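Here's a quick tour of a few spots worth a look. Have the structure open and follow along.

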Amino acid sequence: MSAISLRTESLCVGYRDRSVLENLTIGLPAGQSTAILGPNGCGKSTLLSALARLLAPSHGRVFLGDADIHKTKTRLLSRQLAILPQFPIAPEGILVGELVKRGRTPWRGLFSPWSATDTEICQKALIAVGMEGFAERPLSELSGGQRQRAWLALVLAQDTPLLLLDEPTSFLDLPHQIEVLRLLQNRNKNAGTTVVSVLHDLNLAGRFNDHIVLLGPDGLVTKGPPETVITPSNLKKAFDLDARVISDPVTNRPMVVPL
Ligand SMILES: Nc1ncnc2c1ncn2[C@@H]1O[C@H](COP(=O)(O)OP(=O)(O)O)[C@@H](O)[C@H]1O
Ligand SMILES: [Mg+2]
């Protein structure tokens, strides 16, 4: 599986008469992990939806590799890109195992039988998120954190070279947040998967990602490696936050200390 990049070119996107992002040109580098950061309501989920072709831009384009995603066939797109929305919706009564199996849909023909490979990939996805004993449990009976990991297993089972994840750690306690971020980091480093995550924890974002896209109330503040993006002046612009940034004594990555 070769690494794949996403980029936007002069992207304008929003809802009916409300424009959310204007003239946004960013690249999400192939084979790297990118965090999208910014305050509530600045357009992170909107951006992710546009990147996954769930929202059409009013202007500008999104490229997956060299191809305009609006000219890419749906089946090909779903074999290359998986998205975990911020608020995914499941059919009532669905079991965790059934949910994860849905990740295999893009890889199966209309009449092709379920294969041993499909089973193996789904099992591996459940193991990866620490949910191997949960296949027979209804999704609706799980805790928020368990549910979130079940959804994560679904996108892992889709087995794409590109993952877009909207707040994949939002319901998780700190050890589980780190577990999920490590899991994504391992996918990125071992399989070359391009990982793009919307995150809120600035320190974890800086620690687990190669590249940061920082949005503010008026669009892009800056983008680049954590050390150049997570600075007091950029945090002020994006979040109106007064903070000092020191070097994390364990990882040497930027660590934000709000004032
Ligand atoms: N479906 C929608 N219809 C209309 N406006 C929306 C919709 N979804 C989000 N918005 C608005 O778009 C802006 C950006 O939202 P969103 O991308 O969800 O922000 P974030 O993910 O950064 O918190 C907000 O002002 C929000 O109210
Ligand atoms: Mg959001």
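## Around ligand 1

Sorted by class, the shell around ligand 1 has six polar residues, three nonpolar ones and two charged ones. Keep in mind that this is a predicted model. The residues in question are Tyr15, Arg18, Val20, Gly38, Asn40, Gly41, Cys42, Gly43, Lys44, Ser45 and Thr46.

Which element gives the largest share of that shell? That's helix H1, with three residues. H1 spans 44–51, and strand S2 (18–24) also chips in with at least two residues.

## Strand S7, covered on both faces

Now hop over to strand S7, residues 81–84. Leu81 and Ile83 sit on one side, Ala82 and Leu84 on the other, and all of them are buried, so both faces of S7 are covered.

S7 runs parallel to strand S8 (residues 162–166), and four bridges join the two. If you want a place to start tracing the pairing, Leu81 of S7 has Leu162 of S8 as its bridge partner.

## Helix H9 and its buried face

Helix H9 covers residues 232–239, and its buried residues are Asn234, Leu235, Ala238 and Phe239. Look down the axis of H9 and these buried residues fall within an arc of 100 degrees, so they line one face of the helix.

What sits over them? The cover for the buried residues of H9 includes strands S10 (211–216), S11 (219–224), S12 (243–247) and S13 (254–258), plus helix H8 (226–229). Right after H9 comes Asp240, with a positive phi near 55 degrees.

Methods: Residues numbered from 1 in each chain as written. Chains lettered and ligands numbered in written order. Predicted model: local features only at pLDDT ≥ 70, side-chain atom pairs only at ≥ 80, totals over all residues. Buried ≥ 20, exposed ≤ 12 C-beta atoms within 10 Å, placed from the backbone. Pairing = 2+ DSSP bridges. Near = placed C-beta within 6 Å. Nonpolar A, V, L, I, M, F, W, Y, C, P; charged D, E, K, R; others polar. Arc of directions from axis to C-beta. Contact = placed C-beta atoms within 7 Å.
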